[in-house]
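Biologist: I have not looked at this structure before. Could you show me how to read it, one feature at a time?

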Amino acid sequence: MRWIWIDKFVEFHSGQRAVAIKNVTLAEEHLHDHFPGFPVMPESLMIEAMAQTSGILVGEAKKFQEKVILAKIKKAVFFHYVRPGDTLILDAKIESIAPEAASTSGKITLGKKLIAEIDLMFSHIDQNLAGKKFPEENFVFTDTFELLMHDVLLGSASSNSPESEQNG
Amino acid sequence: MAKSRDQIFGEVQEVLIDALGVDDDEVTDGAALMGDLGAESIDFLDIVFRLEKVFEIKIPREELFPAESLMNSPDFVNKGKLTETGLAELKNKMPYIELGDFADDPDINKLGDLFTVGTIVSYLDSKLNAV
């Protein structure tokens, strides 16, 4: 099973931009230790959320035919804490895409507040320069990911925009 | 909008500082991208993407860093060294490159050392200021 760390997509513009939501809850056990009495979302997990949002955007651009792997964190800057009960909006854009890789930029917001800026590089590993071979089966994009796309595939995303769900 | 070599160098320097997380004084003309600045394979693509944006040009795959097509052909590589044909192909693809000692001992493991900051600047110079 794949580990899914975002809740759903609310906007999807193929090959260009995608917006996803991540709800943070105290039911996530790591928050009890990070930190005791002061639960805040680890920044590494904000990068993971952005990597999933951007990675699926990059994967969809090639119709999920490529194995898309996070290859480089170009930039990760954090401005505020994220606490249980917060709904994060992850807004990812494709900056460049080539046969062997893609670069993305992303912003995480909470209401109108900018939480983080995260720019990433993804590799299409079958096109890697070293000519290494990987399993035929696409182990990156499995059926589980379709659930995340449910709303946007049905075209109901516009009535469910992040702004209308956020009250700051 | 011709740019001087110094202008190009300045912009390349900015790109490399951001892409590789190095200091400005490390990005000298002769610094090797891998050996001196710690670049890995994904960084080369990152650099290409950034240069395309900054200079508003398209950099075709393998034009700036044509190592792959050289290494994967038995005509060009024999026993870990570039052949005469391989060397000629390298010169043909990268006329702006300084081969130096490499021509005497064209070990493919040293191919990476040929890609210096100066190589990028020369490539862009030839590309931007071509008639």
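Modeller: Start with the domains of chain B, bearing in mind that the model is predicted. The domain assignment splits chain B into domain 1, made of 1-58 + 115-131, and domain 2, covering 66-112.

Biologist: How many Å apart do the C-alpha centres of the two domains of chain B lie?

Modeller: The distance between the centres of domain 1 and domain 2 of chain B is 21 Å.

Biologist: Now chain A. Is strand β2 of chain A mostly covered or mostly open?

Modeller: Burial is judged by counting neighbours: a residue is buried if 20 or more other C-beta atoms lie within 10 Å of its own. In β2(A), residues 17-23, five of the seven residues are buried, so the strand is mostly covered.

Biologist: Which strands does β2(A) pair with, and in what direction?

Modeller: Strand β1(A), residues 8-13, runs antiparallel to β2(A) and is joined to it by five bridges. One bridge pairs A:H13 with A:R17. The two strands form a hairpin with three residues between them, and A:G15 in that turn has a positive phi of about 75°. Strand β4(A), residues 87-97, is also antiparallel to β2(A), with seven bridges; there A:A20 stands opposite A:L90.

Biologist: How many residues of chain A are in contact with chain B?

Modeller: On chain A there are 14, facing nine residues of chain B. Strands β3, β4, β5 and β6 of chain A each supply at least two residues of that side, and β3(A) gives the largest share, three residues. By type, the chain A side divides into six nonpolar, four polar and four charged residues.

How values were computed: Residues numbered from 1 in each chain as written. Chains lettered and ligands numbered in written order. Predicted model: local features only at pLDDT ≥ 70, side-chain atom pairs only at ≥ 80, totals over all residues. Domains from an automatic or database assignment. Buried ≥ 20, exposed ≤ 12 C-beta atoms within 10 Å, placed from the backbone. Helix = DSSP H or I, 4+ residues; strand = E, 2+ residues; numbered from the N terminus. Pairing = 2+ DSSP bridges. Contact = placed C-beta atoms within 7 Å. Nonpolar A, V, L, I, M, F, W, Y, C, P; charged D, E, K, R; others polar.
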